[in-house]
Amino acid sequence: MKKQTPWDIVQIARHSERPNIGDYIRLMCEDFVELHGDRLFGDDRGLIGGFATIGGEKVMLIGHRKGRTVEENIEANFGMASPEGYRKAMRLMRLAEKYRLPVVSLVDTPGAYPGSEAEARGQAEAIAHNLEFMSTLKTPMVVVVTGEGGSGGALGIAVGDRILMLQNAVYSVISPEGCASILWRDGTKAALAAETLKITADSLMGLGIIDAIIPEPPGGAHTDAAKTAATVKKAVLAQLAALKKLPVEKLLEQRYAKFAKMGQ
């Protein structure tokens, strides 16, 4: 059997039938109460969240939202969140801290929305503020990269105590196409860029960027959403059980050390 290339994995991560946050809510959660709005501008449909129960564990669940139909994707802006989405996420994380609930974050985005209106409303500031806030969030946080983990759009909800990745997910500072157009001024070299960027779960595990790889069914998560969700649920609950045993001071100390050592 031909070995998968990083570019092959990018295609699987982007598969239109890959489980999205709606599927994980339906298949993993006993209940989910969505919370809306950032209390400043509006309610971004590209990033959703709310109170959830996963395997009897009450959590704050947040994540990027991709649609199935054209209409759903337009409503969700194809999973590209605007500043109000990241501010909503931070509002929900504050609530989680207040009620001593762990945060579970599901990452699946090509990147933050780059439009002029998003920049005008403070896209970079919103993401930067989230990074600062998550670094000192006084409750456990588990992040799962379920599909695409694109640049700052992913990082805006991904500074967690444990970073997990599905086997065929990708996590990168830039898309392969974007990288190719910058380095070689040739978007057709995206496959080469994917190889160079080290964006696969195996590569990132070796570099110490992520903590665990969650296996997928043969062919990818889209071939068996229920089995994938069950595996993600088991992995998340195992990480939460370990993190909840740590005092807050130790939790913050370990989180700081985790990110400070990246790139050494």
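**Exercise 1. Where is Glu-84 placed, in which helix?**

*Solution.* A word on the ground rules before we start: this is a predicted model, in which local features need pLDDT of at least 70 and side-chain atom pairs count only at pLDDT 80 or more, while totals for chains, interfaces and linings use all residues. Residues are numbered from 1 along each chain as its sequence is written, and side-chain values use heavy atoms, with hydrogens and water left out.

Step 1. Glu-84 belongs to helix 4. Helices (H or I, at least four residues) and strands (E, at least two) are DSSP runs, numbered from the N terminus.

Step 2. With a relative accessible area of 7%, Glu-84 is buried. The classes are buried for under 20% relative accessible area, exposed for over 50%, and partly exposed in between (1.4 Å probe, protein chains only).

Step 3. Gln-123 is 39 residues from Glu-84 along the chain, and their C-alpha atoms are separated by 8.4 Å.

**Exercise 2. Find which elements have the lowest and the highest mean pLDDT.**

*Solution.* Step 1. Begin with the whole protein: its mean pLDDT is 94, and 99% of its residues reach 70 or more. Here pLDDT is the predictor's confidence in each residue, from 0 to 100.

Step 2. Now go element by element: the lowest mean pLDDT, 89, belongs to helix 3, and the highest, 98, to strand 6.

**Exercise 3. Describe the surroundings of strand 6 and its pairing.**

*Solution.* Step 1. Strand 6 covers residues 162–166, and 4 of its 5 residues are buried, so the strand is largely enclosed by the rest of the structure.

Step 2. Look at strand 5 (residues 141–150): it pairs with strand 6 in the parallel sense over 4 bridges. Two strands pair if DSSP finds at least two bridges between them. In this pairing, Ile-163 of strand 6 has Val-143 opposite.

Step 3. Strand 8 (residues 212–214) also runs parallel to strand 6, joined to it by 3 bridges. Here Leu-164 stands opposite Ala-212 in strand 8.

**Exercise 4. Characterise the aromatic pair of Phe-51 and Tyr-99.**

*Solution.* Step 1. A pair of aromatic rings is described by the distance of the centres and the angle of the planes. Rings of Phe, Tyr and Trp (its six-membered ring) pair if their centres lie within 6.5 Å; planes under 30 degrees apart count as stacked, over 60 as edge-to-face and the rest as tilted.

Step 2. Applying that rule gives a count of 1 aromatic pair. Phe-51 and Tyr-99 form an edge-to-face pair, 6.5 Å centre to centre with 65 degrees between the planes.

Step 3. This pair links distant parts of the chain, 48 residues apart: Phe-51 is in strand 2 (residues 47–54), and Tyr-99 in the loop between helix 4 (83–98) and strand 4 (103–109).

Step 4. Phe-51 is partly exposed at 28% relative accessibility, and Tyr-99 is partly exposed at 48%.

**Exercise 5. Trace salt bridges that link distant parts of the chain.**

*Solution.* Step 1. Searching the whole structure gives 20 salt bridges, each a side-chain nitrogen of Lys or Arg within 4 Å of a carboxyl oxygen of Asp or Glu.

Step 2. One of them joins Lys-233 and Glu-30, with the closest N and O atoms 3.7 Å apart. Lys-233 sits in helix 11 (residues 225–243) and Glu-30 in strand 1 (residues 29–34), 203 residues apart. Lys-233 is partly exposed at 23% relative accessible area, and Glu-30 is partly exposed at 45%.

Step 3. Asp-108 and Lys-66 meet in a salt bridge of 3.0 Å, N to O. Asp-108 lies in strand 4 and Lys-66 in the loop between strand 3 (57–64) and helix 3, so the pair ties together parts 42 residues apart in sequence. Asp-108 is buried at 7% relative accessibility, as is Lys-66 at 15%.

Step 4. A further salt bridge, 2.8 Å from N to O, joins Asp-161 and Arg-255. Asp-161 is in the loop between helix 7 (151–155) and strand 6, while Arg-255 is in helix 12 (residues 248–260), 94 residues apart. Asp-161 is buried at 3% relative accessibility, and Arg-255 is buried at 2%.
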